[in-house]
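Me: Could you take me through one part of this structure slowly? I'd like a close look at the second largest pocket, and then at the salt bridges.

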Amino acid sequence: MKLDPSIVARIQFAFTVSFHIIFPTMSIGLASFLAVIEALWLKTKKPIYLEIYKFWLSIFSMGFGIGVVTGIVLSFEFGLGFSRFAQMAGPAIGPLIALEVLTAFFLEAGFLGIMLFGLNRVGPKLHFFATCMVAIGTLLSASWILSANSWMQTPAGVAIQGGHLTVVSWRHVLVNPSWLYRLPHMVTAAYLTASFMVAGVGAWYLLRGKHQHFARRTLALGTAFATVLIAAQVFIGDILYGTMLKHQPSKMQAAEGFWEKQSQSPAPYLWFIVPDQNNQRNRFQLGTPYLGSIWLTHSLDGRVEGLKNTPRDLQPRMGMVFYAFRIMYCSAMVMFAVGVASLWLRFRGTLFSSRWFLWILVFMTPSGIVATLAGWYVAETGRQPWVIYGILKTADAISPVPAPALWSTLVAFVCVYAVFITAFLIFTLRIIRRGPSEVHSYAEASGSLKNAFRPYVLDSPGRLLTTNITQRS
Amino acid sequence: MRNRNHLHRFHSMSAALLGVFFFFAIIGVFGLRWAITALAGFVLGAVVVCVAFPTEDVES
């Protein structure tokens, strides 16, 4: 069997980036969650918040580590599998990635040590400052990467001269047409992911009858955040849909599952299709009558544009885009339903005793990751056959590397990443099984910024190093 | 007791489905201005419920 290097390069990048995105999504969400929890601890001085902080800090740190390592691989893959893309787009993409390292990574690297190991060594306010800096670092990182990726979706601010891109406006490269909507969409997705993880773990403890106080507090926080965030996410997603319809109509045409230039009137909203790309039709389709017109055109008899509006050689594969979009959309609906149900149960005072709802929350624990992955599949497969929309095709961006070489590195990635994910799951599940330990607030909230910057001694809880030295002398 | 549990579950699920229908209908059908109003109303309602009904200390 003859292997097509462009397909293997795409499979390799799809695998590594899909694996990678799970971890930044968790760490962006958990970093901000930890900052909120530490702020609550400093404000209320209740030990429960320190307990929650320490518990989720362990899981955050593992996710963060794997996220950084697997992210570095992606930069190398530009050279390994997509060197022609790197050569052409380097002037625009390169500085954005460099800026991510200079701002986000440096900020995170500078404060991560204090965040992870400094709880007993520095004052609580300095520690809180470090947590905030790490949280801001993750947001900055997301911002640069989303800027680079959004530029590939909706390129702006460049001119093509002799087959090379020249940046004519950095402002337009950075704030390209889709970045303003895709960034909040991704960040909210990360926050939702963390919220459902936190609520799911709390629900699990309640079902097992363990760590009741911890479980109630985390479940209450997780469901409250998730309810507000999912409403915002649906709203942001709707605006992003309109933006992408304007800039990348072929993606949204594929996402809705219609082929004809104008759909029937009234248009159904399709939930299930068996697309036949070669014959440009659906072999089978199942939808809700009228709903397509109502949702997509805001009228009872509006027609929806189909994929035949895009020339055949510029069409994305409909099946992948359609189902990825449906998974994301249906996940959002289920999340919203769970959020509303949590409000109702809270109102009735049975949020912690409705076992059926607790089981739903447990099953919803990875829902944010599933929805985020599906969203990225919509973004990336819907952009095909372009790697830089309207400028460079994916087939023209591939490195002149033989397919077997790409396969061998893909197999190596799969093996190494299998070790990563196994280790992550083993340690995370072990932390969850053991539960939050009985923690004491070694670094007590003093309320004084001056004291906050004085170091603490690990084995002398609550005592300042200076006091210790004075006693010894 | 069993019937009461089933009724309670039915109420919760109905509330959830109604909420989804209401919100998605407003965002999908009536356009941006109503969507912003619906979002603000929903978030405000959610915050009020979360603050006014702190169930954490209620014995189940």
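Reply: Here is a walk through the pocket, then the salt bridges, then a patch on the surface and a word on chain B.

First, some ground rules: this is a predicted model, where local features need pLDDT of at least 70, side-chain atom pairs count only at pLDDT 80 or more, and totals for chains, interfaces and linings use all residues. Residues are numbered from 1 along each chain as its sequence is written, chains are lettered from A and ligands numbered from 1 in the order in which they are written, and side-chain values use heavy atoms, with hydrogens and water left out.

Let's start with the pocket. On a 1 Å grid over the protein atoms alone, a pocket is an open set of points where a 1.4 Å probe fits, with protein on both sides within 12 Å along at least five of seven lines; lining residues have an atom within 4 Å of a point. The second largest one has a volume of about 980 Å³, volume being the space filled by probe spheres set on the points, which are joined across faces, edges and corners. It is lined by 43 residues, and those closest to its centre are A:His185, A:Gly237, A:Asp238, A:Phe325 and A:Met328.

Who builds the wall? Helices H6, H7, H8, H9, H10 and H12 of chain A each give two or more residues, and so does helix H1 (2-29) of chain B. (Helices are DSSP runs of H or I with at least four residues, strands are E runs of at least two, and both are numbered from the N terminus.) The largest share, 11 residues, comes from H7 of chain A. By type, the lining divides into 27 nonpolar, 12 polar and 4 charged residues. Here Ala, Val, Leu, Ile, Met, Phe, Trp, Tyr, Cys and Pro count as nonpolar, Asp, Glu, Lys and Arg as charged, and the others, Gly among them, as polar.

Now the salt bridges: a side-chain nitrogen of Lys or Arg must be within 4 Å of a carboxyl oxygen of Asp or Glu. Over all chains, the count is 5. One of them pairs A:Arg326 with A:Glu256 at 3.2 Å, N to O. That pair links distant parts of the chain, helix H10 and helix H8, 70 residues apart. Both partners are buried, where buried means under 20% relative accessible area, exposed over 50%, and partly exposed in between (1.4 Å probe, protein chains only).

Another joins A:Glu260 and A:Lys308 at 3.0 Å, N to O. A:Glu260 sits in the loop between H8 and strand S3, A:Lys308 in the loop between H9 and H10, 48 residues apart. A:Glu260 is partly exposed at 43%, and A:Lys308 is partly exposed too, at 30%.

Then there's A:Arg383 with A:Glu380, whose closest N and O atoms are 2.7 Å apart. Both lie in helix H12 of chain A, 3 residues apart, about one turn of the helix. A:Arg383 is buried at 4%, while A:Glu380 is partly exposed at 22%. Shared partners also join A:Asp276, A:Arg281 and A:Arg283 into one salt-bridge network.

On the surface, A:Ile7, A:Ile11, A:Trp407 and A:Val411 form a nonpolar patch with about 330 Å² of accessible area together. Helices H1 and H13 of chain A each give two or more residues to that patch.

As for chain B, it has 2 helices and 0 strands, and 37% of its 60 residues count as buried.

How values were computed:
Patch = residues over 30% accessible without salt bridge, like charges linked within 9 Å, V, L, I, M, F, W, Y side chains within 5 Å. Areas by Shrake-Rupley, 256 points an atom, 1.4 Å probe, with all protein chains shown as cover.
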